[in-house]
Every structure is written in structure tokens, then in C-alpha cells.
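Hi there,

Here is the structure I promised to pass on. Have a look at it first, and then read my notes below.

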Amino acid sequence: MRKILLSLVLIVLGLWGQGLAQRAYLGGTFAFALNDSTATFGVQFGATFTPAFGARGVLSFSSGGGLTGFGFGADGLYLVATPNSPINPYIGAGVGLGFLSGLVQGASVSGIVFEGNGVLGVEYLLNRQFALFAEARPGFATGSVTGTAGGSAVSMPISGTTIGLRVGANIFF
């Protein structure tokens with residue numbers, strides 16, 4: 001866990017470094033998974049490195065189906081050029097890792113889930129400092145949760161496609 005947190009801190013510092021990023025941002029997100037009605041709240045940090053390429057990381061907290069979770073992810077984004085327009089579309093791909101725990105069907109469980117997804121979104125610049133965004137995130141998730149119920153071991157696989165919608169706001173530095 002310490003290695004993960006150290007890696008995350010180094011990514012954040014790297015993204016905000018003057019020599020690396022052209023424009024860094026920090027934002028808040030709300031996401032909703034259409035296939036399992038899971039709501040997720042998160043904080044994202046990112047940067048554009050060239051006029052056409054950006055990257056971001058997301059720390060998220062979720063709840064649904066008797067499980068609560070904490071996760072982090074990273075996305076690479078291709079920014080579609082729209083000169084002199086406040087609307088900026090983008091496409092990309094991302095990966096994530098989630099840590100789940102909770103009570104499912106009377107069993108106290110915990111586990112890890114890996115996710116991969118595509119990103120199709122649009123950003124609306126309110127001014128030079130603030131932007132709103134919306135995106136669709138089709139992908140897949142795989143993993144398992146294990147635990148005990150009445151002294152017996154329980155294991156439940158998590159696997160399938162995901163379809164998520166995410167909205168949020170960013171502040172640029």
C-alpha cells in the first residue's frame with residue numbers, strides 16, 4: 001500500500017512540474033455505472049503535455065450492491081483540436097484498480113477489482129480557470145471478493161462489461 005501511495009504522490013508532483021505539463025488541473029467527479037447502479041465520487045488531477053495529449057489520475061470512492069470501495073485510475077487522452085471554441089472533445093483509454101469491502105448476501109467480504117475502459121468525452125470551458133466535462137466510459141471489470149459467512153469461506157467473482165457516465169468540474173493552474 002505504501003508503494004502505491006508513493007507512486008501516486010510522484011505522479012501528482014510530476015504532473016504539476018513546470019517543465020513537464022503545459023497546463024495542470026484539479027477537479028471533482030461524479031460517476032454512475034449504468035449496469036449496476038453504483039455511484040462514485042472522486043478527485044482527479046491531470047495535465048496537458050502537448051496540444052493533443054493529456055493524462056490524468058483519479059482517486060474515487062464508491063458504494064453500491066452492499067459494497068463500498070476505494071480506487072484509483074489513470075487515463076491517457078487524445079484532445080481533438082477545436083480552435084477558438086469553448087467545447088473540446090476528447091477520446092482516450094484508462095485502467096483502474098479498486099479495493100472493495102462490505103456485506104453481500106450475509107457474508108462479510110473484501111477484494112480487488114481491475115478495470116480497463118475507453119473514454120469519450122467533451123469539456124466545456126467556462127473561462128481560462130474553470131471547465132465542466134461529461135464523458136462515457138465503456139469497459140470491463142474483473143476480480144473477486146472473498147470472505148466468510150457463518151464460519152464458511154465465500155468467494156464471488158466479479159467480471160463483466162461496464163458502462164459508466166462521469167461528469168465533473170476542473171480548475172486549471
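To get you started: where is the place of Thr38? Thr38 is in the loop between β1 (23–33) and β2 (39–50). Before going on, please keep in mind that this is a predicted model.

Now, is Thr38 buried or exposed? Its relative accessibility is 15%, and buried means under 20%, so Thr38 counts as buried. You can also look up what Thr38 touches. Leaving aside residues up to four places away in sequence, Thr38 is in contact with Ala31, Phe32 and Ala33, and also with Ser62, Ser63 and Gly64.

Next, zoom out to the whole fold. You should see 8 strands that close into a barrel, in the order β1-β2-β3-β4-β5-β6-β7-β8, with antiparallel pairing. From one strand to the next, the twist averages 20°. For one of the pairings in detail, take β3 (residues 53–64) and β4 (residues 67–79): these run antiparallel and are joined by 12 bridges. If you want a spot to click on there, try Leu59, whose bridge partner in β4 is Phe72.

Then there are the aromatic rings. How many aromatic pairs does a search of the whole structure find? The search finds 6. One of them is Phe30 with Phe41: the ring centres are 5.1 Å apart and the planes are at 50°, so this pair counts as tilted. Phe30 belongs to strand β1 and Phe41 to strand β2, 11 residues apart, so to speak a link between distant parts of the chain. As for Phe30, a relative accessible area of 34% makes this residue partly exposed.

Another tilted pair is Phe114 and Phe140, with 6.0 Å centre to centre and 55° between the planes. This pair links distant parts of the chain too: Phe114 is in strand β6 (residues 107–125), Phe140 is in strand β7 (residues 130–149), and they are 26 residues apart. Why does Phe114 count as partly exposed? Because its relative accessibility is 37%, and partly exposed runs between the 20% for buried and the 50% for exposed. Phe140, at 40% relative accessibility, counts as partly exposed as well.

One last thing to look for is a charge over a ring. Arg23 lies over the face of Phe172, at 4.0 Å from the ring centre.

Have fun turning it around on screen, and write back with any questions!

Cheers

Key. Residues are numbered from 1 along each chain as its sequence is written. This is a predicted model: local features need pLDDT of at least 70, side-chain atom pairs count only at pLDDT 80 or more; totals for chains, interfaces and linings use all residues. Side-chain values use heavy atoms; hydrogens and water are left out. Two strands pair if DSSP finds at least two bridges between them. Helices (H or I, at least four residues) and strands (E, at least two) are DSSP runs, numbered from the N terminus. Axes are lines fitted to C-alpha atoms, for helices over the stretch in contact, and angles run from 0 to 180 degrees between N-to-C directions. Buried means under 20% relative accessible area, exposed over 50%, partly exposed in between (1.4 Å probe, protein chains only). Contact means heavy atoms within 4.5 Å. Rings of Phe, Tyr and Trp (its six-membered ring) pair if their centres lie within 6.5 Å; planes under 30 degrees apart count as stacked, over 60 as edge-to-face and the rest as tilted. A charge sits over a ring if NZ of Lys or CZ of Arg is within 6 Å of the ring centre and within 35 degrees of the ring normal.
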